[in-house]
Amino acid sequence: MSTEVAPERDVLASRLAYLTVGVPTVGTVAAVVYAVFDGLWLSDVLLFVGMYLITALGVEAGLHRYFSHRSFDASGPVKMFLGVAGSMAAQGPIVFWVANHRLHHAFADTDRDRAEGNRRCGITALAPKSIRRPVMVSRTDVSH
Ligand SMILES: [Zn+2]
């Protein structure tokens, strides 16, 4: 007999998740349409590459390695840069991202790991990370 309790759905978090996925998607489509009708300039491409690198650094080094795992120490300005750069990826507030990521590690390879569940459905890249209310896990629960 399993003692696991089904996670509670959080309607507001779910709507926010769809908003954080939907707005950048609409912006991307609008940018492509704009480029088709107005042309593409070198400055557009350089801006795209620069912003992509900044947000990727913000998510990987900031949200993941620094805020979720505390893998390294950072000074105040570096912390601020990583937080802003990670937030530019529109993946939700930092605390929310960290809680979901820690859940992912705490429940890896179980039905409660929503990343695994989304992967099984084949929609990992499209599925919002915040369908379920996060459950607090202690820092000692996550080691990688
Ligand atoms: Zn991790």
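## Working through an all-helix model

Ala90 sits in the loop that links helix 3 to helix 4. Keep in mind as you go that this is a predicted model.

**Exercise 1. Work out whether Ala90 and Arg70 are buried, partly exposed or exposed, and look at the sign of phi in each.**

Start with Ala90. Its phi is near 55°, a positive value for a residue that isn't glycine. Next, count neighbours: 14 other C-beta atoms lie within 10 Å of Ala90. Buried takes 20 or more and exposed takes 12 or fewer, so Ala90 comes out as partly exposed.

Now do Arg70, which is found in the loop between helix 2 and helix 3. Phi is positive here too, near 50°. With 11 other C-beta atoms within 10 Å, Arg70 is exposed. As background, most residues other than glycine have a negative phi.

**Exercise 2. Describe how helix 2 and helix 3 pack: what are the angle, the axis distance and the handedness?**

First the geometry: helix 2 (residues 42–68) packs on helix 3 at an angle of about 115°, and their axes are 7 Å apart. Then the handedness: the crossing is left-handed. Finally, the contact itself. Helix 2 brings residues including Ile54, Gly58, Gly62 and Tyr66, and these meet Leu82, Gly83, Ala85 and Gly86 of helix 3. By class, the contact residues split into eight nonpolar, five polar and no charged; glycine goes with the polar ones in this count.

**Exercise 3. Find the largest nonpolar core and say which helix supplies the largest share of it.**

List the members: Leu63, Tyr66, Phe67, Leu82, Ala85, Trp97, Val98, Ala99 and Leu103, nine in all. Sort them by element, and helix 2, helix 3 and helix 4 (94–106) each give at least two. Helix 4 has the largest share, with four residues. Zoom in on Trp97: leaving aside residues up to four places away in sequence, Trp97 touches Leu63, Gln91 and Gly92. For the chain as a whole, 16% of the 144 residues count as buried.

**Exercise 4. Decide where in the chain confidence is highest and where it is lowest.**

Begin with the overall picture: the chain has five helices and zero strands, and its average pLDDT is 80, with 72% of residues scoring at least 70. Helix 3 (residues 76–87) comes out highest, at a mean of 96, while helix 5 (residues 114–121) is lowest, at 51. Across residues 117–141 the pLDDT is below 50, though this stretch still has 45 contacts in the model beyond near neighbours in sequence.

Definitions and conventions:
Residues are numbered from 1 along each chain as its sequence is written. This is a predicted model: local features need pLDDT of at least 70, side-chain atom pairs count only at pLDDT 80 or more; totals for chains, interfaces and linings use all residues. pLDDT is the predictor's confidence in each residue, from 0 to 100. Two residues are in contact if their C-beta atoms, placed from the backbone, lie within 7 Å. Axes are lines fitted to C-alpha atoms, for helices over the stretch in contact, and angles run from 0 to 180 degrees between N-to-C directions. A crossing is left-handed if the near helix is turned anticlockwise from the far one by less than a right angle, and right-handed if clockwise. A nonpolar core is a set of buried Ala, Val, Leu, Ile, Met, Phe, Trp, Tyr and Cys residues joined through C-beta atoms within 7 Å.
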